[in-house]
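Q: I am new to this structure and should like to learn how its features are read. Could we take them one at a time?

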Amino acid sequence: QVQLVESEGGLVQPGGSMRLSCAASGNIFRVNAMGWYRQAPGKQRELVARITSGGNTNYADSVKGRFTISRDNAKNTVYLQMNTLKPEDTAVYYCNANIRTYLLVDEDYWGKGTLVTVSS
């Protein structure tokens, strides 16, 4: 089986920055695309950013220019650098990864989620 372990979020003031990380471990043959999703209070889960194994990225319009997704393939780890944070960024952030196991089957896996609160 595969596990995704996210770093802890926390409280940050508006205009501040925070970096999240997520490391995949377990029965991994290859990590394909990785991404970050979030669910704000009273809202549906939405894609924040996604990065392919080749480094191609996609961002939600609401975070373009402020957030940067990156990955370290040697560590099976994805990062989300969040700058100029706004109160509307407050949400539970979930790591996602599409992973090929040694069974040679691709499946999506999810982290447990970490709460990021942007407030003064």
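Q: Which residue lies over the face of Y37?
A: One looks for a charged side-chain end placed above an aromatic ring, with the ring centre within 6 Å. In this predicted model, R45 takes that place over the face of Y37, and its distance from the ring centre is 5.2 Å.

Q: How many aromatic pairs does the structure hold?
A: The structure holds 2 aromatic pairs. To name the geometry of a pair, one compares the ring planes: over 60 degrees apart counts as edge-to-face. The ring planes of F29 and Y102 stand at 80°, with centres 5.7 Å apart, so this pair is edge-to-face.

Q: Where in the chain do F29 and Y102 lie?
A: F29 belongs to the loop between strand 3 (18-26) and strand 4 (30-39), whereas Y102 belongs to the loop between strand 9 (91-100) and strand 10 (106-110). The two residues are 73 apart in sequence, so their pairing ties together parts that are separated along the chain.

Q: What is the relative accessibility of F29, and what is that of Y102?
A: Here the cut-off matters, because exposed means over 50% and buried under 20%, with partly exposed in between. F29 has 47% and therefore counts as partly exposed. Y102 has 54% and therefore counts as exposed.

Q: Is D89 buried or exposed?
A: The same scale is applied, on which buried means under 20%. D89 has a relative accessible area of 0% and is buried. The residue is placed in the loop between strand 8 and strand 9.

Q: Which side chains form polar contacts with D89?
A: One searches for nitrogen and oxygen atoms that can donate and accept a hydrogen. The side chain of D89 has a polar contact of 3.0 Å with that of R38 and another of 2.8 Å with that of R66. Beyond residues up to four places away in sequence, D89 touches R38, R66, F67, T84, V116 and V118.

Q: What is the order of the strands in the open sheet of 4 strands?
A: A sheet is read strand by strand across its width. The order here is 1-3-8-7, and the pairing is antiparallel. Strand 1 (2-6) and strand 7 (67-72) each have a single partner strand, so they stand at the edges with one side lacking a neighbour in the sheet. On average, neighbouring strands of this sheet are turned by 15° against each other, direction ignored.

Q: How many bridges join strand 7 to strand 8?
A: Strand 7 and strand 8 (residues 77-82) run antiparallel and are joined by 6 bridges. In this pairing, T68 stands opposite Q81 of strand 8.

Methods:
Residues are numbered from 1 along each chain as its sequence is written. This is a predicted model: local features need pLDDT of at least 70, side-chain atom pairs count only at pLDDT 80 or more; totals for chains, interfaces and linings use all residues. Side-chain values use heavy atoms; hydrogens and water are left out. Two strands pair if DSSP finds at least two bridges between them. Axes are lines fitted to C-alpha atoms, for helices over the stretch in contact, and angles run from 0 to 180 degrees between N-to-C directions. Rings of Phe, Tyr and Trp (its six-membered ring) pair if their centres lie within 6.5 Å; planes under 30 degrees apart count as stacked, over 60 as edge-to-face and the rest as tilted. Buried means under 20% relative accessible area, exposed over 50%, partly exposed in between (1.4 Å probe, protein chains only). A charge sits over a ring if NZ of Lys or CZ of Arg is within 6 Å of the ring centre and within 35 degrees of the ring normal. A polar contact is a pair of N or O atoms within 3.5 Å; within protein, one must be able to donate a hydrogen and the other to accept it, and residues adjacent in sequence count only if both atoms are side-chain atoms. Contact means heavy atoms within 4.5 Å.
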